[in-house]
Amino acid sequence: MSVEFWFLIGAALVFWMQAGFAMVETGFTRAKNAGNIIMKNLMDFCIGTIVFSVLGYTLMMGEDTLFGLIGKPNLNLFTHFKEFIASPTDGYTDASYFVFNLVFCATTATIVSGAMAERTKFSAYCVYSAVISLVIYPIEAHWIWGGGWLSKLGFHDYAGSCAIHMVGGIAALIGAAVLGPRIGKYVTNREGKITKVNAIPGHSIPLGALGVFILWLGWYGFNGAAATTPTELSAIFLTTTIAPSVATCTTLVYTWIKNGKPDVSMCLNASLAGLVAVTAGCDAFDAIGAGIVGLVAGILVVLVVEGLDLKLHIDDPVGAVGVHCANGIWGTIAVGLLANPNAPAGLNGLLYTGKFTQLGLQLTGLVSVAAWAVFTMLLFFKFLKKIDFLRAKPADELSGLDTSEHGLPSAYADFMPAVDKYSEFGTGEQIVAVTGTTPPAEAVPVRREPSFNGDGRKFTKVEIVFKEEKLYALKDAMSKLGITGMTVSHVMGYGMQKGHAEFYRGVAVETDLRPKVQVDIVVSKIPVRDVIETAKKVLYTGHIGDGKIFVYDVENVVKVRTGEEGYDALQDVE
């Protein structure tokens, strides 16, 4: 297999990471925005391809000009296509370089999607995708990989902790801060001071986990595609496996000790954090260095995700800033500290050689690239906000961007209803639009049906709400009691069990939707007390949340098939 063939296979793996980002972001946000998330991850690549073709690629990889600041623009892709795809005597074809750098550019763009999810106008995101792929990413990437001034100094960022992840993370941080939090994320008092932080759990941890596994697979291409020897490639695969594994285990232990239970979503973030952190020096670390990189990443991602939410009150639904910005910075610095001269890159890390040179170069590159990203992204997002082009309307945000931006009632159609569509936290009266003139008594009528004069027998409905796993035990017990008919429904219980604290990404979950079963039984001949005591005996475990029993008077029972009413209508179901 030729080296260039592997180079392109690696590029394909990086493209496949778009699916991973889409799944992580979809799973970590609410179902009512799933279609919008998918569209953003699709369009940032498609729009990016167009603008990168026209200008971005040559700004990045064109002939070095302006003292190493940019590449010289050209249209060779369109005007000299034969030469563009021709195999050179040394290196790869221009076409291979184009595809490879394009998929990396798309990764930078898509990082922002999750941090600004659920409240950004789709049109604004499309404009953002064009701008970052056209100018912002290509210029700083030229400094590092296109023969620019940082590459000439000796700055090392093998696969993009700085050029891609830190830049995308900075854009995510600034975008989320300028955009503001989702409605109901933070509760404020009359003075506008935030008094409470609400957890807004994502709707599908399995989707998020699938995304992480896809990204981890793609990362072997992300880090390894540029390797030119088996030794270099195997070393990169080794460090790319060790760092995320250590990071995930670190977060597992840390959140287990901190919250009493290991946090699933944080561990998924930790895997990505370890991958981000090892990316800059994947060819420069040894096994111990990769482990240290992962150890720090596993703690850093939790501290940043929780600090951003609980202290700075910047709403990042998927943890993009903690994963990409914080660990992109850490990974870039780690090269200067932990690079082993015996690794393929042959760099001199401070802790291995006592030399500060590489660390100084890493800090120089980091500060320069960060300054460029902060300046350009702050200017861009502030401008979009100024012209009221950035944030969706409150009503659109509440109903879900699938509906308001794409005309999609639900991304899941009949497969899975969006049960949380209108369950917002503390939304406040200011966002409730009253557009009609009908008086409340007519708009929401309350009526009581007239009493039914039957045969004088008493009918009672017993409604039992309990944990799903007790259904068949209850059914068998009721059958032995003589009850052969019941209505069973799956319901969602809304509330927080007393004394049962749970955390989502470090934030206490005060109310929660929990799956329950509701059984309705109408009885007349069988004593109601017998039904209640039997249910209590079957359902009781001594734990909060065993269930609740409601008892109602029933005025009449009508059997549709025969027309029988009252006591007679119940006889074949008791």
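**Close-up 1. Helix α9 is mostly covered in this predicted model, with 14 of its 20 residues buried (under 20% relative accessible area, 1.4 Å probe, protein chains only).** Helices are DSSP runs of H or I with at least four residues, numbered from the N terminus. Because the expected span is 1.5 Å times one less than the number of residues, α9 (residues 205–224) should span 28 Å, and its end C-alpha atoms are indeed 28 Å apart. The helix bends by about 30° at glycine 218, the bend being the angle between axes fitted to the seven residues ending there and the seven starting there. At the start of α9, the backbone nitrogen of leucine 207 has a side-chain oxygen of serine 204 within 3.2 Å.

The model is predicted, so local features need pLDDT of at least 70 and side-chain atom pairs pLDDT 80 or more, whereas totals for chains, interfaces and linings use all residues. Residues are numbered from 1 along each chain as its sequence is written, and side-chain values use heavy atoms, leaving out hydrogens and water.

**Close-up 2. Helix α13 is largely enclosed by the rest of the structure, because 17 of its 19 residues are buried.** For this helix (residues 320–338) the expected span is 27 Å, and the 25 Å between its end C-alpha atoms agrees with that value. α13 bends by about 30° at asparagine 327.

**Close-up 3. Isoleucine 299 lies in helix α12, which covers residues 287–310.** With 34% relative accessibility, isoleucine 299 counts as partly exposed, the class between buried and exposed (over 50%). Its C-alpha atom is separated by 9.4 Å from that of threonine 248, a residue 51 residues apart along the chain.

Key:
Helix = DSSP H or I, 4+ residues; strand = E, 2+ residues; numbered from the N terminus. Polar contact = N/O pair within 3.5 Å; in protein donor to acceptor, adjacent residues only side chain to side chain.
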